[in-house]
Amino acid sequence: EHLLRGEFDVDPSAVGDEGFRRDGRVFAYWGIFFALIRWPLALIPGGLRIDVTTFSCFVAVCAAAFAKLQTLRAVFDISPASPARDILFGCLVLTILFGGAQVEFLRPSIYQEVCLWAGALAAMFNYFAVRGIINDRFSTSWLCSMSLLAGLALLARVSMGIGLYAALGLLLVSLASESHPKKEKSLAAISTLKDRILSARFLLPLLILLGFAVIGGYVNYQRWGDPTVFADFNLHLMNDEYPDRRPRTEAYGLFNLLRIPFGLIYYFFPIWVIHRHD
């Protein structure tokens, strides 16, 4: 409703403690993707009063699982036949369906909906990437599809979107620089590289990425007054509940290289469950 009126704040009851208060209005940090997928409800009288969060979470989980199973199948089909391959395939299918990230966080809340859809879009992106590698062919339509998924991810959850932007950017650089004859003169090589970059195969995906980045920047400007800011955690409503967060953020920042080892411990060595004063 707010977006249809050209407003970028939200009803405080829709986001709860996950909101950010600025100039007397409450904003969400996640992108407008979740408003856009609810747009069809506006065509139904009173449709926007229908809570579709649980259904949306379910669709995202199914989409993520389907994309991962298709990716697994693509790798399975090109693997040498063996009993071990069949056993591993079955184990991975069970892992994806019952132990994957999309099941681990399956909970009907707006915050989890954001996480689940970001994961689903990334799973689809990975499917295109793996199939492109297997077939040794990234066509214009294939790269445009990956750009679309990366752009939607940027409008869903910025951390996932930036990751996919970086991955696709590196892929485009790799594709643009491949197949250069080693003895080719430098000027000719530069000319060939320029022609490749300006071809539709590379230009269209880049334009799609740029288009979504512009949309994201415009939303950021309307929310925070800065197109490069996706969330101002100094305005987070949860700071009232955890007053130690703001001074800690000011001291160490939202991202700090010194915290990377703690991140690795969190994901690979679950000793973080042992709580100590230090």
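Here's a quick briefing on the chain shown above, starting with the overall picture and then moving to single residues and pairs. Keep in mind that this is a predicted model. The chain has 278 residues, built up as 12 helices and two strands. Its mean pLDDT is 88, with 92% of residues at 70 or more.

**Overall layout**

- If you walk along the sequence, you meet one helix, then the two strands, then helices for the rest, in the pattern α-β-β-α-α-α-α-α-α-α-α-α-α-α.
- The C-alpha trace spans about 65 × 55 × 50 Å along its principal axes.
- Of the contacts with a separation of 6 or more, 63% link residues that sit 24 or more positions apart.
- Confidence varies from element to element: helix H7 (residues 140-154) has the highest mean pLDDT, at 97, while helix H9 (residues 186-197) has the lowest, at 57.

**Inside and outside**

- Buried residues make up 32% of the chain.
- The chain exposes about 17,600 Å², and carbon and sulfur atoms supply 66% of that.
- There's a nonpolar surface patch of about 1,400 Å², with Phe255, Leu257, Trp272 and Phe268 among its members.
- Phe268 from that patch belongs to helix H12 (residues 260-268), and it counts as exposed because its relative accessibility is 58%.

**Salt bridges**

- A search of the whole structure turns up seven salt bridges, and three of them are described here, starting with Glu1 and Arg49, whose side chains meet at 3.0 Å, N to O.
- Glu1 lies in the segment before H1 and Arg49 in the loop between helix H2 (33-36) and helix H3 (53-77), so this pair ties together parts that are 48 residues apart in sequence.
- Glu1 is partly exposed, with a relative accessible area of 44%, whereas Arg49 is exposed at 63%.
- Arg5 and Glu7 also pair up through their side chains, at 3.2 Å from N to O; Glu7 is partly exposed, with 30% relative accessible area.
- Glu113 forms a salt bridge with Arg38, and their closest N and O atoms are 2.9 Å apart.
- Since Glu113 lies in helix H6 and Arg38 in the loop between H2 and H3, the pair ties together parts that are 75 residues apart in sequence.
- Both partners of this bridge are buried: Glu113 has 0% relative accessibility, and Arg38 has a relative accessible area of 18%.

**Cysteines**

- Don't look for disulfides, as a search of the whole structure finds zero.
- For Cys62, the nearest cysteine sulfur is that of Cys57, 11 Å away, which is beyond the 2.5 Å that a disulfide allows.
- Cys115 is in no disulfide either, and its nearest cysteine sulfur, again that of Cys57, is 9.4 Å away.
- Cys62 counts as partly exposed, at 34% relative accessibility.

**Two buried residues to find**

- Asp9 sits in the segment before helix H1 (12-15) and counts as buried, with 11% relative accessibility.
- Leaving out residues up to four places away in sequence, Asp9 touches His2, Arg25, Val26 and Phe27.
- Ala118 is part of helix H6 (residues 110-135), and it is buried, with a relative accessible area of just 1%.
- Beyond its neighbours within four places in sequence, Ala118 is in contact with Arg157 and Met160.
- The C-alpha atoms of Ala118 and Leu154 are separated by 8.6 Å, although the two residues are 36 apart along the chain.

Conventions. Residues are numbered from 1 along each chain as its sequence is written. This is a predicted model: local features need pLDDT of at least 70, side-chain atom pairs count only at pLDDT 80 or more; totals for chains, interfaces and linings use all residues. Side-chain values use heavy atoms; hydrogens and water are left out. Buried means under 20% relative accessible area, exposed over 50%, partly exposed in between (1.4 Å probe, protein chains only). Patches are made of residues with over 30% relative accessible area and no salt bridge: like charges are joined within 9 Å, nonpolar side chains (Val, Leu, Ile, Met, Phe, Trp, Tyr) within 5 Å. Accessible areas come from the Shrake-Rupley method with a 1.4 Å probe; for residues, only the protein chains shown count as cover. A salt bridge is a side-chain nitrogen of Lys or Arg within 4 Å of a carboxyl oxygen of Asp or Glu. Helices (H or I, at least four residues) and strands (E, at least two) are DSSP runs, numbered from the N terminus. pLDDT is the predictor's confidence in each residue, from 0 to 100. Contact means heavy atoms within 4.5 Å.
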